[in-house]
Amino acid sequence: METTAGHPSANAQRSSPLPVRLSLAPYEAVSGGFDGAWWPYSRNLIIELPCLVEAMDEAGSITRVIVGIESWPDIPHQVTFGEHTVTAGWFVSGHEQNEIVLCSYLKGFRTILVVPPTTAPGAADWLMSTPVPVDGSRTATELLAIATARADKASHKAARKILAGDVDQRG
C-alpha cells in the first residue's frame with residue numbers, strides 16, 4: 001500500500017491541547033450503523049489521529065484506522081505518537097468518505113461518523129448529540145445533509161424572528 005504523501009510514517013504532535021470532540025455509544029450498544037461521532041479540528045490526520053486514539057483508550061489499543069481518501073489529503077502509512085503506532089489505510093473513492101473505522105486488537109472495530117471540521121457548530125452539535133440509528137439506515141452523507149438542513153432551518157427561523165422584532169420596534 002502506498003502513502004498519499006510519499007512518506008512511510010509520521011510523528012504527530014499538536015502544538016496546543018484541544019479537547020477531543022467525540023461522542024460514543026457504549027461499546028455493546030451498537031451493531032451496524034455508527035458507534036459515535038467525531039468532530040476533528042482539521043483534515044490533518046497526522047495531528048488529529050493521536051487525539052482520537054488516546055480518547056479511545058477504553059475501547060482497547062487501537063492499532064489500525066481506515067479513513068476516506070477524499071476526506072484526508074495526507075494519509076501516512078503509520079502515525080507514531082509517544083510509544084504508540086497506528087497503521088492507516090483508506091477507503092477508495094465511491095465508498096462513504098465521512099467515517100473512520102478504528103480497529104482494536106482487544107475489542108474488534110468501531111465505525112465513527114466523521115463530522116467535517118468546517119461543519120457549522122449547530123449542525124455539528126446535533127450530529128454529536130443525536131443517537132444514530134443502530135440498523136445502519138442512515139449513511140454519513142445522509143446524516144450530514146440532515147444536520148445541515150436542520151441548522152439552516154434554525155438559522156432562517158432566527159433571522160426571521162430578528163427581522164420581525166426590528167419591524168415591530170419601528171412600528
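Helices (H or I, at least four residues) and strands (E, at least two) are DSSP runs, numbered from the N terminus. This is a predicted model, in which local features need pLDDT of at least 70 and side-chain atom pairs count only at pLDDT 80 or more, while totals for chains, interfaces and linings use all residues. Residues are numbered from 1 along each chain as its sequence is written, and side-chain values use heavy atoms, with hydrogens and water left out.

**Figure 1. The protein has three helices and eight strands.** Read along the sequence, the elements follow the pattern β-β-β-α-β-β-β-β-β-α-α. The protein has 171 residues, and 39% of them are buried. Buried means under 20% relative accessible area; exposed means over 50%, and partly exposed lies in between (1.4 Å probe, protein chains only). Contact means heavy atoms within 4.5 Å. Among contacts between residues at least 6 apart in sequence, 68% join residues at least 24 apart.

**Figure 2. Confidence varies among the elements, with the lowest mean pLDDT in strand β1 and the highest in β4.** pLDDT is the predictor's confidence in each residue, from 0 to 100. The protein has a mean of 76, and 68% of its residues reach 70 or more. Strand β1 (residues 9–11) has a mean of 55, and β4 has a mean of 92. Over residues 1–8 the pLDDT stays under 50, and the model has 21 contacts beyond four places in sequence for this stretch. Residues 167–171 also have pLDDT below 50. That stretch has zero contacts in the model beyond near neighbours in sequence.

**Figure 3. Strands β5 and β6 form a hairpin with two residues between them.** Two strands pair if DSSP finds at least two bridges between them. Here β5 and β6 (residues 84–91) pair in the antiparallel sense over four bridges. Thr80 stands opposite Thr85 in β6. Gln78 stands opposite Thr87 in β6. In the hairpin, Gly82 takes a positive phi near 60°. Strand β6 has another partner: β4 and β6 pair in the parallel sense over five bridges. Val67 has Trp90 of β6 as its bridge partner.

**Figure 4. The side chains of β5 (residues 78–81) alternate.** In a regular strand the side chains alternate between the two faces of the sheet. Val79 and Phe81 point to one face and are buried. Gln78 and Thr80 point to the other face and are not buried. Val79 counts as buried because its relative accessibility is 0%. Val79 and Arg64 are 15 residues apart in sequence, and their C-alpha atoms are 9.7 Å apart in space.

**Figure 5. Trp38 and Trp72 form a stacked pair.** A pair of aromatic rings is described by the distance of the centres and the angle of the planes. Rings of Phe, Tyr and Trp (its six-membered ring) pair if their centres lie within 6.5 Å; planes under 30 degrees apart count as stacked, over 60 as edge-to-face and the rest as tilted. By this rule there is one aromatic pair. The ring centres of Trp38 and Trp72 are 5.9 Å apart and the planes are at 15°, so the pair is stacked. Trp38 lies in strand β3 and Trp72 in the loop between β4 (62–68) and β5, so the pair ties together parts that are 34 residues apart in sequence. Both Trp38 and Trp72 are buried.

**Figure 6. The charged end of Arg21 sits over the ring of Trp39 and over the ring of Tyr41.** A charge sits over a ring if NZ of Lys or CZ of Arg is within 6 Å of the ring centre and within 35 degrees of the ring normal. The distance to the ring centre is 3.7 Å for Trp39 and 3.8 Å for Tyr41.

**Figure 7. The largest nonpolar core has 19 residues.** A nonpolar core is a set of buried Ala, Val, Leu, Ile, Met, Phe, Trp, Tyr and Cys residues joined through side-chain atoms within 4.5 Å. Trp38, Leu45, Leu49, Val65, Trp72, Ile100 and Leu102 touch the most other members. Helix α1 (45–55), β4, β5, β6, β7 (99–104) and β8 (108–114) each supply at least two residues of this core. The largest share, four residues, comes from α1. A second, separate core of 15 residues includes Ala37, Leu113, Ala123 and Ala124.

**Figure 8. Phe34 sits in the loop between β2 (22–24) and β3 (36–38).** Phe34 counts as buried because its relative accessibility is 5%. Phe34 and Arg138 are 104 residues apart in sequence, yet 9.1 Å apart in space, C-alpha to C-alpha.
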